Amino acid sequence: MALGDVGPIWRSTVRHRAFGLLVLEVFIIFIVISNLLVTSRWFVDRVKIPTGHRETDLVDVLVRRPSASGGIDRPAVVARHQRELGALLGLAGVEGVAPVSSTQADDMIVAPNLFWTEGTEPMGSESCAGIDRSPEGVVVGWAVEAGPTLPEVVDLKFTAGESFSRLPADQSEHAVLVSACLARALFGDANVVGRTLLSNRYAPAQIVGVVEDVRMHVPFLPHTQVTAIFPGLADDGRQVDYLIRTAPGQAAAVRDGAATVLAKLLPSAGGLINARVFVPAGPRMVYNAYGTTKVFGVIGSGIGLAALMGNVTLAVLVVASRRRIIGIRRALGATRLQVFRELSIETLIPWALGSALGLPVTAFLIAEAGIVFAGLRFTVVDAGVTLALVALVGIPARIFPAIQATHVPPSEVGRTL
Amino acid sequence: MSLFPYHVKLAAVGLRRDAWMSALMLLSLALGAGIWSVAVTEFVHFYGLAQRFSPTLHHVERLRPRDVNSSEFASLGLQEATLKARSLLSWPEYRQVQAAPPGVRQTAGIRGEVVVQRPGMAPGLWVARFTNADFFALFERPFEAGGPWDAASDAGGTGVVALGKGAAATLFPAGDAVGQTVLIDGIPYRVVGALGKHQPLNAPWQLLVNGGLQDAVFLPLGDFDRLGALPYQPLYRSAVGADRAALLASGALFVSHWVDLPTDSARAAYRRFLDGSVGPGRYVLRSLPEWRKSFPMPMSIIAFFNFIGAVVLCGGAFSLCRWLMMKGLLRQGEWGVFRAVGAPRSSLFWRVIAEAGLITLPGALVAPLIALPIIAYFNHSVRVVDIPLAPSGPSVAFSILGPSILNLVCACYPAWRLSRTAPTLNLGSF
């Protein structure tokens, strides 16, 4: 087809009275498909973000003790805690154990913490994406209470300062480790070791080290990389989580062994032990992320099918309304292939225009949504996949009427002359 | 309008002339309306439109000097945390309002976790609500079997428990929960009732709009102490020591408190009580509708579902509009003949509207049915909360009304355009 044919085809297309509505429809299909695609990817990405520590060869054991109707006796808790730690460290294949108040595998939504410091400094030049600070200099984040060996057990990467285990006992009581993002949000680019961290949960603590960001995986949680780690028993007297570093390949055996030895230390009724090989995203979280994606897939397929049926019907009507014109073209010598190409290009134009309109609008919508849902982005790949999917939905709507048009005989023109 | 049945008949004939195209368009609209129906069902579920609580329920917000939690959460845009910080009371604050004037019905609730075990089954860590017997009546929680414990058991120690709908179904699939014994933290409890409804997502006593687990077991408030239970994820307001007594004495927020004030005199009396116990100007008393207005629902994935549903609905309406327009243009000759033999413009207008109605209404009516398998798949695949999504009266009504109204409104454009067909249109063909 010559380039000169495009002009007449374009004019013929835009003169069509339902042209604007078709463009609008394609625009809507583009927006729906792109949004479903991007949101699905976002959900799956939430469970794939690296935690910031070594995730392999790690076992997570939750110990829940029975009722403490007489109140919680702290010395007894400490003694019991020591017995449990000793039992775990005595297992073959265990390299280290640290109690923690929560892990990334806890997939329940937890209450956020507030952090601030004495005075307010400008946020860091490499400020973390999406981290806000209130006018009073307060940042929202997540506090974890952990045994002093946690940094070694989960292999945290220090960017400044040092671990609790290297501090004298009297200094570690009011110490805290902060993630790099929390340090930057509160102190800017200044050296934070030795500075004081204030929070709505713990007593003022002196920052002794900065670790690379440790992230939570729960969707809709803000500031998942803003973390402070406070040293402590991480045991509220009823419940504690133990993270166990195992020798390579020993995680499953240690999980079973830990459940057995800890069960022996529990009273006969009312307690609970839940031992599992650590995965950075909790099972509920992973299930929901992939489940949401599947549901979006079903919805997207339904929308695609609805759009396909609607458009095929309409496209057939378009051809039916132009049988005389096609007949004239055929009578003037146009081959079936030429008619097919013309009709294909003609129906391609609104699809291309609708997609072209949808592209910037989608980019804008997702950029706006990304302010609330951190990590939501419309990438070039997303745009490409959306265009491909929209084209896929549009192919039958373009090809089927074009094929129908080739069957219009040249004598069609004689019916009305 | 007296000729409307005639127009409907003509419209039906028009649809039958292109039966397979009409069927495809109907299917397309029904599918789109079905997806809209899923979004609407989510919306109704999320906002609890199928569950109305008594407007005479009232909430007391404590105005705390320099409240680091609520003001900071609000300025950082954390709606859910702000709502919790302003809605919940600390244990000392609750004690101040606990001794309400005689005759005032009130309910307090504390969320905790307990180990629940049916003898012979594996134990599990479940969400518990420690509350008083009036909770079930004030929040209209119907029982499928049994009922709440008596008021005397509110003090705890009588070993009674009520099970949530999901918990009862899990522990006692045969439906014989009432009268059975379960171990709570190793202590035997007798089941006195099993609820007949799941918790609403926007329950005033516990929001689950962004996920979480509904209350599985309900225990008398007094058992909060008896079991040495700890509140589940309290909002801390200051450094708190490691033991339970320190937590209870602190300003940490974890008590949900509601009071029923059915008359103006009851409200006035309760205000006098609050002035005395809390202090004038240190609280805000709001009815449940006022509370809902003051605390907007937090942003969640529901917004996305609603957006997609609305866009699909509009897409369907545009599609119908274009389809009617194309069909009309194709048959413009016929319209011209109608006009030439005396049909007024309004008759053509109503004929197109009737055609739109005939194809829209069946599509809209089957929308809730089309949504059913998608909702079932959603319940199977997504468990952000343990409350299944289910159609309700309002969701079915919105599912049908939404596409019906929008499609008919959009059909007005082709109807108007086609009604302007000139009677002289066919002159050129003769």
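This passage describes a predicted model, beginning with chain A and one of its helix pairs and then turning to chain B and the interface between the chains.

Chain A contains eleven helices and eleven strands, and of its 417 residues 47% are buried. When contacts within chain A between residues at least 6 apart in sequence are considered, 86% of them join residues at least 24 apart. A single position may serve to illustrate the local surroundings in this chain. Ile395(A) belongs to helix 11 of chain A, which spans residues 380–406, and it is classed as partly exposed because 15 other C-beta atoms lie within 10 Å, a count that falls between the limit of 12 or fewer for exposed residues and that of 20 or more for buried ones. Thr347(A), although separated from Ile395(A) by 48 residues in sequence, lies 9.5 Å from Ile395(A) in space, as taken from C-alpha to C-alpha.

Within chain A, the axes of helix 2 (residues 19–46) and helix 8 (residues 283–321) come within 9 Å and cross at roughly 170°. As this angle is over 145 degrees, helix 2 and helix 8 of chain A are therefore roughly antiparallel to each other, and the crossing of helix 2 of chain A past helix 8 of chain A is left-handed. Among the residues that make the contact are Ile29(A), Val32(A), Ile33(A), Leu36(A) and Phe43(A) from helix 2 of chain A, together with Arg46(A) of that helix, while helix 8 of chain A contributes residues including Tyr290(A), Phe296(A), Ile299(A), Gly300(A) and Ile303(A). Sorted by class, the contact between helix 2 and helix 8 of chain A comprises twelve nonpolar, five polar and one charged residues.

In chain B, the domain assignment distinguishes domain 1, made up of residues 4–49 + 301–429, from domain 2, which covers residues 57–294. The C-alpha centres of domain 1 and domain 2 of chain B are 46 Å apart, and contact between these domains involves eight residues of domain 1 of chain B and twelve residues of domain 2 of chain B. On the side of domain 1 of chain B that touches domain 2 of chain B, five residues are nonpolar, two are polar and one is charged.

Between the chains, 67 residues of chain B are in contact with 69 residues of chain A. Helices 2, 3, 9, 12 and 14 of chain B each supply at least two residues of the side of chain B that touches chain A, and the largest share of that side, 16 residues, comes from helix 12 of chain B. By class, the side of chain B that touches chain A consists of 42 nonpolar, 16 polar and nine charged residues.

How values were computed
Residues numbered from 1 in each chain as written. Chains lettered and ligands numbered in written order. Predicted model: local features only at pLDDT ≥ 70, side-chain atom pairs only at ≥ 80, totals over all residues. Domains from an automatic or database assignment. Contact = placed C-beta atoms within 7 Å. Nonpolar A, V, L, I, M, F, W, Y, C, P; charged D, E, K, R; others polar. Helix = DSSP H or I, 4+ residues; strand = E, 2+ residues; numbered from the N terminus. Axes fitted to C-alpha atoms, helices over the stretch in contact; angles between N-to-C directions. Parallel < 35°, antiparallel > 145°, perpendicular 65-115°, else oblique. Left-handed = near helix turned anticlockwise from the far one by under 90°.
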